[in-house]
Structure formats: C-alpha cells, structure tokens
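Student: I'm new to this one. Could you pick a single part and walk me through it slowly?

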Amino acid sequence: SYRVNSHCSIGAGLNAVYGTAKLIRNFGSNSPFPASGNAAHLKGDGWGYGWNVGAMWEINPNHRYGISYRSKVDLKFKGDFYSDIPEGLSTNPYGTGGEEIPGKLTLNLPDIFEFSGYNRLNQAVAVHYSYVWTGWSTFQEINATSDGIGSVMQKDEKFSNSYRVSFGATWYLNPEWELRAGMAFDRSPSRTHKTISIPDNDRYNYGLGFTYHLSEQGSLDAGFTYIQGKKGSFNEEGVEFVSKGDAYIVALQYNHSF
C-alpha cells in the first residue's frame, strides 16, 4: 500500500488460493446399480492465482470512502476419478468399474468489486455501508475431465452476477465501549437456474457487535450474525425440491498495537 497524500491511499496485492474438493454423484433410487455405489467420485486439490487493487479517499478522520477490485481466480484441481458403473457400458461410456483414473476440474471463482463508506455524524454515532458486486456469471458448469476420455462428470450451474448491500451504525457509548448493529441483503447467484447440487437462495443478514477498549494498546471485538435464507422451490428433472437454510456466526477477536 502507498499513501499518496493526507487524503488518498492506494494498494495492490497478489492472491494465491489453495483448495481441496470432493465431488460425489450417487446412483438414483431408480438406478439398476447398487445404492451404495457411486456414479461418479472425484477427489483432488489445486491452486489458483489472482490479484487485487484498492483505494481509499479520506476527507477527514470522520468521513472516508473506499473501493476495491479482486480479480477472478481459476482454481485448477487435480486428483483421482472413479465410477462404479462397469467400464464400457453403452449407456455410460465413462464408467471405470471402480478403478481410479487421473481426473481434473477447473473451478471458476468470480471477480469482486466493492464500494464502502464511513461517516461519523457526531461524537456519538457513525454510519457505514457497502455495495459488493460479484461476477458469478463466470461459473457456468461443473465439468470434470480425464485425459484421453474427455468429460467424466458434468453439471450445468449457470450462475448469474449478484450483489450484496449492507448498512450499519456504530454508537460510541464512551471511551471504552463501541456498540454496533447492521443488516445486509445478499442476492443469490443461482436465482435463474437452481440445482439440487447448489440450492442457494437470497439471504438477509442481521448483525450485532461491540468493541471494548481494554487499554490504549489492546481492544476486544465480538460479533453475532444471523443469516436468514429465503425459502425457495424449484424443479429438476421432473422432481420438485424445496430449499431453505439459516446460519449463525459468532466471532471474537483481540487486537494489540505496539
């Protein structure tokens, strides 16, 4: 990062992303194969690389605005694939009869743009807000391949670009205590093409937290967030599905400056 002057700072960085994955497709209830077997099984790990840039404009200590951009990352997994479908079966030419073969898959992670702001209205109250745009349209399918065979497991996902808007406030109760509350709306990237593999829905986030200053050097942060996933239904291959998911997040952090 570099501070251009008393009002403007810029920064840039490189991202190295490591991931592990296991994708399993079971036989359906109407399958002629044993229910305990796997129609497809892929397990592996891999790396992806990207970059990020950002800038902050500080009008004064009470008013500041920031923007940032994080590039998309293609996470390239390599590992082993097998299928319990007999090898060479005419209805599925990618069966391996349980034998492992090399497999690979590229997961396209999105680019992200964010704008955020902080305004301290008076000694007691400040508001903060952000808008995050995520380029999820880069993620169109899950497609595992093997050299010499081609595609061994494919599923359309057809994600759309999404966004997240949030608003919160801080109440500076006294020199020791800062109280916070906020909420956010997170739009689902799978709103136009839902699948049972990733049955996502729009979400509402509600958060509470505080900062307690233990001393001039040390402080304690705590937060609680309730994520409320909207209930949604969709049809896949003639079967009706209903999905809903809530989550609770608790965070605790100690800060120390030297």
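Tutor: Sure, let's start with Ser162, which counts as buried because its relative accessibility is 4%, and buried means under 20%. Keep in mind as we go that this is a predicted model. You'll find Ser162 in strand E11. What does Ser162 touch, leaving aside its neighbours within four places in sequence? One group of contacts is Val132, Trp133, Thr134 and Trp136, and another is Arg187, Ser188, Pro189 and Arg191.

Now step back into the loop between E10 and strand E11 (162–172), and you'll meet Lys158. Unlike a buried residue, Lys158 is partly exposed, with a relative accessible area of 39%. Its backbone is worth a glance too: phi of Lys158 is near 55 degrees, a positive value in a residue other than glycine.

On the other side of that loop is E10, a strand that covers 150–156 and gives two or more residues to the largest nonpolar core. That core has 13 residues, and Met153 is among those with the most contacts inside it, along with Leu42, Phe81, Leu105 and Ala144. Strands E3 (38–60), E5 (73–82), E6 (101–109) and E9 (141–146) also give two or more residues each, and E5 gives the most, with 3. In soluble globular proteins, nonpolar side chains tend to be buried together.

Finally, zoom in on Met153 itself. Not counting residues up to four places away in sequence, Met153 touches Leu23, Arg25, Ala40, Leu42, Ile142, Asn143 and Ala144. Two names there should ring a bell: Leu42 and Ala144 are also listed among the core residues with the most contacts.

Technical notes: Residues numbered from 1 in each chain as written. Predicted model: local features only at pLDDT ≥ 70, side-chain atom pairs only at ≥ 80, totals over all residues. Heavy atoms only, no water. Core = buried A, V, L, I, M, F, W, Y, C linked by side-chain atoms within 4.5 Å. Buried < 20%, exposed > 50% of the residue type's maximum accessible area, 1.4 Å probe, protein only. Helix = DSSP H or I, 4+ residues; strand = E, 2+ residues; numbered from the N terminus. Contact = heavy atoms within 4.5 Å.
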